[in-house]
Structures are given as C-alpha cells and as structure tokens.
Amino acid sequence: MVTDTISDMLTRIRNATMVKHQIVQIPVTKMSVAIATILNEEGFIVGFEDYKEGNRPYLLLSLKYTGKSRNSVITEIKRVSKPGLRVYANSKELPKVLDNLGIAIMSTSRGVMTNLKAKELGIGGEVLCYIW
C-alpha cells in the first residue's frame, strides 16, 4: 500500500530512466493520468496507454531517449510538495525551473497543469514536482 502515489510514480520513472528501460508500469489514479498527460504534451515521454493486469489497472509509460547512447530526455525529477509539507505558490510567485527550460507541475483550482500555463491563466496552486 502506497500513501503518496505521486512520489511513487516519480520514483518509478526516475528508476526506469536510470537503467534505460523502454516502458514503466504505474498504478492508475486520476493524478497519475493527469501527470502522464502533461509529460506527453511537453515531450518528456513518447506516450502512455491503459493496461489491465488481472483486476488492477496500470498505465504503461513509454520513456523517451535521444542519441546512440540513449540519454534520457528526463534528466531529473524532484518532488516538491509532500504529504507532510505542502508547498503552494500564488500567481505572482510561480516557480521557474532552469529559466523555463524545465517545467513545474502544479495542481490548481482549474486542474493539473504546468507552471507556464498557470502563469498564462494567472492562477496559483500546489507545486507537485519539478522536471527537467
């Protein structure tokens, strides 16, 4: 039983990229689907699909690599807001990740989105993680 499904998802992706796996299996939650959608839109993964093993639904994420040496597009994933310490940012103090070369995934009142889209809409929210 996992208490923090977001950090579990990010750790599975981090571990899979370190050993250069092509796909990674993640238990399905609404939040994991939202994060996978953002990763797909921003070009950090090739794609994802639903998969059912027995009675449990999973997401299969296809990881993205570049070059002959297969360097991962995701160089680092960092969990910011944790169950014991939530981190919030208002619309004027949204985080910048590597001078906007990376993204921050945020949970806002209008759904899960990147820091750039939240800035565009002028809203703040909980900062879930940084990806670059």
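1. Two strands pair if DSSP finds at least two bridges between them. In this predicted model, strand E1 (residues 23-27) and strand E3 (residues 56-63) are joined by 5 bridges and run antiparallel. They therefore count as a pair, since at least two bridges are needed. One contact can be named: Pro27 has Tyr58 as its bridge partner in E3.

2. Look next at the two faces of E1. In a regular strand, side chains alternate between the two faces of the sheet. Val24 and Ile26 make up the covered face of E1. Ile23, Gln25 and Pro27 make up the uncovered one. Pro27, the partner of Tyr58, is thus placed on the uncovered face.

3. Leu60 is a residue to find in E3. Is Leu60 buried or exposed? Leu60 is buried, because its relative accessibility is 16% and the cut-off for buried is under 20%. Leu60 and Gly102 are 42 residues apart in sequence. In space, their C-alpha atoms are 23 Å apart.

4. Two residues deserve a check of their backbone. Most residues other than glycine have a negative phi. Lys20 is not a glycine, yet its phi is positive, about 60°. Lys20 sits in the loop between helix H1 (5-18) and E1. Lys20 counts as partly exposed because its relative accessibility is 34%.

5. Arg70 is the other residue to check. Arg70 is not a glycine either, and its phi is positive at about 55°. Its place is the loop between strand E4 (65-66) and strand E5 (71-72). With a relative accessible area of 30%, Arg70 is partly exposed.

6. Arg70 also has a ring contact. Which residue has its face under Arg70? That residue is Tyr65, with Arg70 at 4.4 Å from the ring centre. As for rings paired with rings, a search of the whole structure gives 0 aromatic pairs.

7. Now the pockets. Rolling a probe the size of a water molecule over the atoms shows where empty space is left. The largest pocket has a volume of about 160 Å³. Helix H2 (30-41) and strand E9 (111-114) are the elements that give two or more residues to its lining.

8. Which residues line the largest pocket? They are Ala34, Thr37, Ile38, Glu41, Glu42, Arg110, Gly111, Val112, Met113, Thr114 and Lys117. By class, the lining has 4 nonpolar, 3 polar and 4 charged residues. Among the charged ones are Glu41 and Lys117.

Terms used:
Residues are numbered from 1 along each chain as its sequence is written. This is a predicted model: local features need pLDDT of at least 70, side-chain atom pairs count only at pLDDT 80 or more; totals for chains, interfaces and linings use all residues. Side-chain values use heavy atoms; hydrogens and water are left out. Rings of Phe, Tyr and Trp (its six-membered ring) pair if their centres lie within 6.5 Å; planes under 30 degrees apart count as stacked, over 60 as edge-to-face and the rest as tilted. A charge sits over a ring if NZ of Lys or CZ of Arg is within 6 Å of the ring centre and within 35 degrees of the ring normal. Buried means under 20% relative accessible area, exposed over 50%, partly exposed in between (1.4 Å probe, protein chains only). Helices (H or I, at least four residues) and strands (E, at least two) are DSSP runs, numbered from the N terminus. On a 1 Å grid over the protein atoms alone, a cavity is a set of points where a 1.4 Å probe fits but cannot get out, and a pocket is an open set with protein on both sides within 12 Å along at least five of seven lines; lining residues have an atom within 4 Å of a point. Grid points are joined across faces, edges and corners, and a volume is the space filled by probe spheres set on the points.
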